[in-house]
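Thank you all for coming. Please have the sequence and the model open while I talk.

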Amino acid sequence: MATASYDQYREDVAGRANVTDTAELKDFYHDLESRNAGALWTVANKIEPWEPRSASVPMVWRFDDLRGAVLRALDLVTPEQAGRRVVYLANPGRGDVVAAVGWLYSGLQVMGPGECASSHRHSASALRFIMEGRGAFTNVDGHKMTLGANDFVLTPNGTWHEHGVDAGGTTCIWQDGLDIPLMNALEANFYEVHPDLQQVVSFPIDDTTATWASAALRPAGESWSKRYSPLLKYEWGPTYEALQRLARVSDGSPYDGIHMDYVNPATGGAVMPTIGAAMQMLRAGEHTRAHREVGSFLYQCAKGSGYSIVNGERLDWKERDIFCVPSWAWHEHVNGSAREDACLFSFHDLPVMCALGLYRAEGLAENDGRQTILA
């Protein structure tokens, strides 16, 4: 703990710490430090802010800038050497941990035809969003899924899983999303490698999609008691069709456009206990109102182009670009096309915030719905 001065944290507000340093107090603070203790009033205003203060900064990672480096990794390391051949996304504000925003991790994984990473499991919940290539697959607890562009797949906490590309496929890149930073902050992270390195495919390929993909129908006699979704793959085609159908009968959200959550079809809740995900569509020329939420978000543009304004900073994006919105940051989205819609995939930690009773949101009114872009 620094001992130079605590005056910087004083606030002349009733109920807040407002103690002026004196020589006697400084001696007291030094004495407490020697005992591995401290006076709360010296840090109370710092550790209990009036509102959330994220260390993360708004960021955009442009796929065109990263793709060459990601592909170069193919020639530098094998999946056997690396475990997972991934280029992770680092937020400049989070030098203390490997995180893209808040307590969320993200990276771009690349695999070539015929490659398969070893099967493993961990405490962290994980997801994949396919960016390019054909022939990719994931095997989760014996459920093998074939994957195409913009498909969203789960590898939940504690499940054995492995990824690869069929021999007849092409080089594939996908975005990984995990809550590794949160698990480490909670000092709860475990990691295991499968004793056989690969696991057996125990079910018909794409069986979870065939069984659970219908939003309106539930298979008779099927039950599900696990804390994550039984539908492990959410395909892009039906997702985009659902957005278009909703757009025909609804104006959508003034803050997010046509916005749909990926859900657990057995419960209607989030797909995993600690990570939620959504897809939203911005109609041609749409400009949403600014709002902010307690929770961290990572977005990937799945279709179209546009920009978002996050705490006064304009972040331009197009297909495959990734950007983040820190917790409690004002943000709004703009579709840059006058003719075509734009779609944004996102994942976030709102299930954690809601479970802990911490979620809060607010939006600007219709007559005051735009942020000023800061110089």
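I will go through a sheet, then the cysteines, and then a surface patch.

This is a predicted model, in which local features need pLDDT of at least 70 and side-chain atom pairs count only at pLDDT 80 or more, while totals for chains, interfaces and linings use all residues. Residues are numbered from 1 along each chain as its sequence is written, and side-chain values use heavy atoms, with hydrogens and water left out.

Let us begin with the open sheet, where six strands (DSSP runs of E, at least two residues, numbered from the N terminus) lie in the order E1-E19-E16-E21-E14-E13 with antiparallel pairing; two strands pair if DSSP finds at least two bridges between them. At the edges stand strand E1 (59–61) and strand E13 (258–261), each with a single partner strand, so one side of each has no neighbour in the sheet. E1 is joined by three bridges to strand E19 (residues 322–325), and the two run antiparallel, with Val-60 having Phe-323 as its bridge partner in E19.

How many disulfides are there, if we ask for a pair of cysteine sulfur atoms within 2.5 Å? The count is zero. For Cys-172, which is in no disulfide, the nearest cysteine sulfur is that of Cys-116, 12 Å away. Cys-172 has 0% relative accessibility and counts as buried, where buried means under 20% relative accessible area, exposed over 50%, and partly exposed in between, with a 1.4 Å probe and protein chains only. Cys-343 is likewise in no disulfide, with the sulfur of Cys-301 the nearest at 8.0 Å, and Cys-343 is also buried, at 0%.

Lastly, Val-19 is partly exposed, with a relative accessible area of 31%.

Notes
A disulfide is a pair of cysteine sulfur atoms within 2.5 Å. Helices (H or I, at least four residues) and strands (E, at least two) are DSSP runs, numbered from the N terminus.
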